[in-house]
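This report covers strand pairing, helix packing and the surroundings of the ligand. Please keep the sequence and the structure in view while reading.

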Amino acid sequence: MSATKLWGGESFSGLGYEWDPQWVLTERQKALQAKLIELCQSDLRVNAIESDKNRVYPRKNFQVLAKHGFLGLIVPKELGGMGENHTAAAMVVETIARYGCASTAMCYTMHTGAVAAALLRHHDNEALKDILRRIDKDCLIGTLSYSDPETGSHFWYPISSGAEETKDGWHVKKKASWTTSGGFADWYIVQTTSPNFNGNYADLSCFLILGDEASYDPANWNGLGLRGNQSGPLEIDRVVPRERLVGPVGDGARSNDEVVDPFFLLCSSACWSGIALGMIDIAKAHTTKKTHKDVGMRVADYPTIQDYVGEAIIDTNVVRSMDFMIAKALDDATKGCDWSLHKDDVTVLPRSALLHWLWQLKFAAAKNVAHVSDKMLHACGGTGYKPELQIERYLRDGKAGWVMGPTNEVLRQFVGKASLLGFESLDYWNTSINERVINNEIKKMDADAKRALAERLLAETAAPARRIA
Ligand SMILES: Cc1cc2nc3c(=O)[nH]c(=O)nc-3n(C[C@H](O)[C@H](O)[C@H](O)COP(=O)(O)OP(=O)(O)OC[C@H]3O[C@@H](n4cnc5c(N)ncnc54)[C@H](O)[C@@H]3O)c2cc1C
């Protein structure tokens with residue numbers, strides 16, 4: 001690999017490799033990164049403009065990626081994949097977002113999450129193995145469909161969805177409020193409450209659903225940024241064969257903590273850092289070219305602009321370092337992303353122990369991209385406000401970071417609450433009772449109010465049991 005970063009055979013106009021933590025990558029990963037930069041220059045960046053303008057799903061970009069084996073990045077070699085690890089996944093998403101297309105990077109993030117969910121439980125499942133073997137040859141794009149219209153960003157709480165066992169398999173009913181690659185994916189991993197649901201929303205199961213089994217209308221998708229990623233509402237209501245259950249019944253929470261959340265948080269954070277770097281690259285190229293004739297200075301000669309860029313590089317590299325540090329911890333915990341660890345025991349969950357680090361990472365990455373995009377817009381002035389420079393598109397794309405679930409408000413609270421009160425206080429499924437709040441509110445009541453409350457509670461205990469929540 002050349003020590004000089006190349007763009008279409010010429011020296012790259014943004015930050016060079018000396019500002020990238022190349023030492024975290026193996027020689028093979030560096031070669032993959034250089035190949036990706038080439039593909040971004042030749043195809044992905046051009047398609048990004050079209051995707052953004054016309055809300056075009058970036059299948060063309062996926063076809064380019066599939067041709068070079070990137071859809072099977074973390075698929076083991078024996079199934080025809082590259083057998084790569086968490087570090088490679090973070091590098092690939094960051095590279096696509098930075099030099100190519102942020103919509104593609106987000107769709108690739110969701111694809112990687114779905115591939116990880118499939119790999120976790122593929123060992124005895126021919127339907128999953130078949131997809132994984134053909135993933136690049138047939139360009140089979142996967143995605144995750146979790147978020148529920150009733151519970152917003154609490155995507156682990158699928159109130160509107162469920163599944164029942166039938167004589168032929170499973171009747172899966174899914175209502176998703178958002179699904180990246182919705183309607184365009186070739187396969188979905190969806191989460192519902194488990195068959196024989198008894199009111200316990202922690203009892204979740206995952207199913208494999210094929211592209212033509214889901215209903216989606218592209219007309220329902222519109223957004224400020226990531227406009228090619230097609231994240232509209234999706235519905236499924238059909239019986240699917242028995243082997244479409246991913247893992248055992250009730251495996252949903254384990255799958256979420258072990259692969260869906262870790263890969264989503266690791267890779268989406270890399271996407272936000274990639275967007276931040278993409279804007280710094282553009283700002284460098286622009287401000288070192290544009291001159292003010294009256295003072296004979298380039299924009300980059302003003303110390304204010306140097307400060308903006310300096311701070312943006314430092315903050316972004318802090319977040320990238322955290323991303324690659326956590327990727328390494330995940331690699332170490334899984335013997336380099338060895339999926340055979342999960343073959344015989346569904347309770348082997350090494351990634352889950354690192355989840356609270358991934359929460360911190362996503363918060364930091366989404367916060368950083370919002371700040372950097374503002375400052376790079378300021379550095380480029382009015383020219384940055386216009387679409388031609390592409391800062392404006394990146395800025396809109398980066399805005400998705402903060403609001404995507406788990407949202408930054410939720411993550412900040414998870415970290416603060418878990419650190420102060422313990423992990424059990426997080427109460428994802430709203431089942432534990434906060435006696436302090438109850439006692440405090442009762443304290444405010446007079447005797448009549450207390451009596452009325454007691455009578456209401458007694459009447460409720462006489463009524464038939466209700467579902468939780
Ligand atoms: C571009 C994009 C792509 C997406 N792709 C997917 C996908 O592929 N699959 C998928 O399943 N989902 C996807 N989502 C959905 C996403 O994960 C969230 O579910 C969605 O953004 C929530 O939107 P909402 O309007 O329901 O927010 P709400 O949940 O209604 O949030 C509104 C506000 O309340 C705050 N809030 C919520 N809960 C709490 C709390 N407990 N404490 C404090 N504050 C809280 C939020 O932080 C936010 O500020 C995508 C979203 C976006 C923007």
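How many bridges join β5 to strand β9, and do the two run parallel or antiparallel? Eight bridges join them, and the strands run antiparallel. The model behind this report is predicted.

## Strands β4, β5 and β9

Strand β9 covers residues 234-241. Within its pairing with β5, G169 stands opposite P241 of β9.

Strand β5 (residues 169-176) is also joined to strand β4 (residues 162-165), by four bridges and again in the antiparallel sense. Here G162 faces K173 in β5. The connection from β4 to β5 is a hairpin of three residues.

## The four-stranded sheet

An open sheet is built from four strands in the order β3-β6-β7-β10, with mixed pairing. Its edges are β3 and β10 (245-246), each of which pairs on one side only.

Two bridges link strand β7 (residues 204-210) to β10, and this pairing is antiparallel. F207 has L245 in β10 as its bridge partner.

## Helices on the sheet

Helix α6 packs on this sheet and touches β3, β6 and β7. The direction of α6 makes about 70° with that of β7.

Helix α4 (residues 102-120) lies across β3, β6 (187-193), β7 and β10. The angle between α4 and β3 is about 85°.

## Helices α6 and α7

The axes of helix α6 (residues 252-287) and helix α7 (residues 303-333) come within 10 Å and cross at roughly 155°. Because angles over 145 degrees count as roughly antiparallel, α6 is roughly antiparallel to α7. The crossing is left-handed.

On the α6 side, the contact residues include P262, L266, A270, L277, I280 and T287. On the α7 side, they include I305, V309, I313, R320, D323 and L330. By class, the contact of α6 with α7 holds 15 nonpolar, four polar and three charged residues.

## Around the ligand

Which residues are the closest to the ligand? They are G152, T180, G405, T407 and E409, in a shell of 25 residues that surround the ligand. Elements giving two or more residues to this shell are β3 (142-145), α10 (400-403) and α11 (408-421). Strand β3 is also an edge strand of the four-stranded sheet.

By class, the shell around the ligand has eleven nonpolar residues, 13 polar and one charged.

Terms used: Residues are numbered from 1 along each chain as its sequence is written. This is a predicted model: local features need pLDDT of at least 70, side-chain atom pairs count only at pLDDT 80 or more; totals for chains, interfaces and linings use all residues. Axes are lines fitted to C-alpha atoms, for helices over the stretch in contact, and angles run from 0 to 180 degrees between N-to-C directions. Angles under 35 degrees count as roughly parallel, over 145 as roughly antiparallel, 65 to 115 as roughly perpendicular and the rest as oblique. A crossing is left-handed if the near helix is turned anticlockwise from the far one by less than a right angle, and right-handed if clockwise. Two residues are in contact if their C-beta atoms, placed from the backbone, lie within 7 Å. Ala, Val, Leu, Ile, Met, Phe, Trp, Tyr, Cys and Pro count as nonpolar, Asp, Glu, Lys and Arg as charged, and the others, Gly among them, as polar. A residue is near a molecule or strand if its C-beta atom, placed from the backbone, lies within 6 Å of it. Two strands pair if DSSP finds at least two bridges between them.
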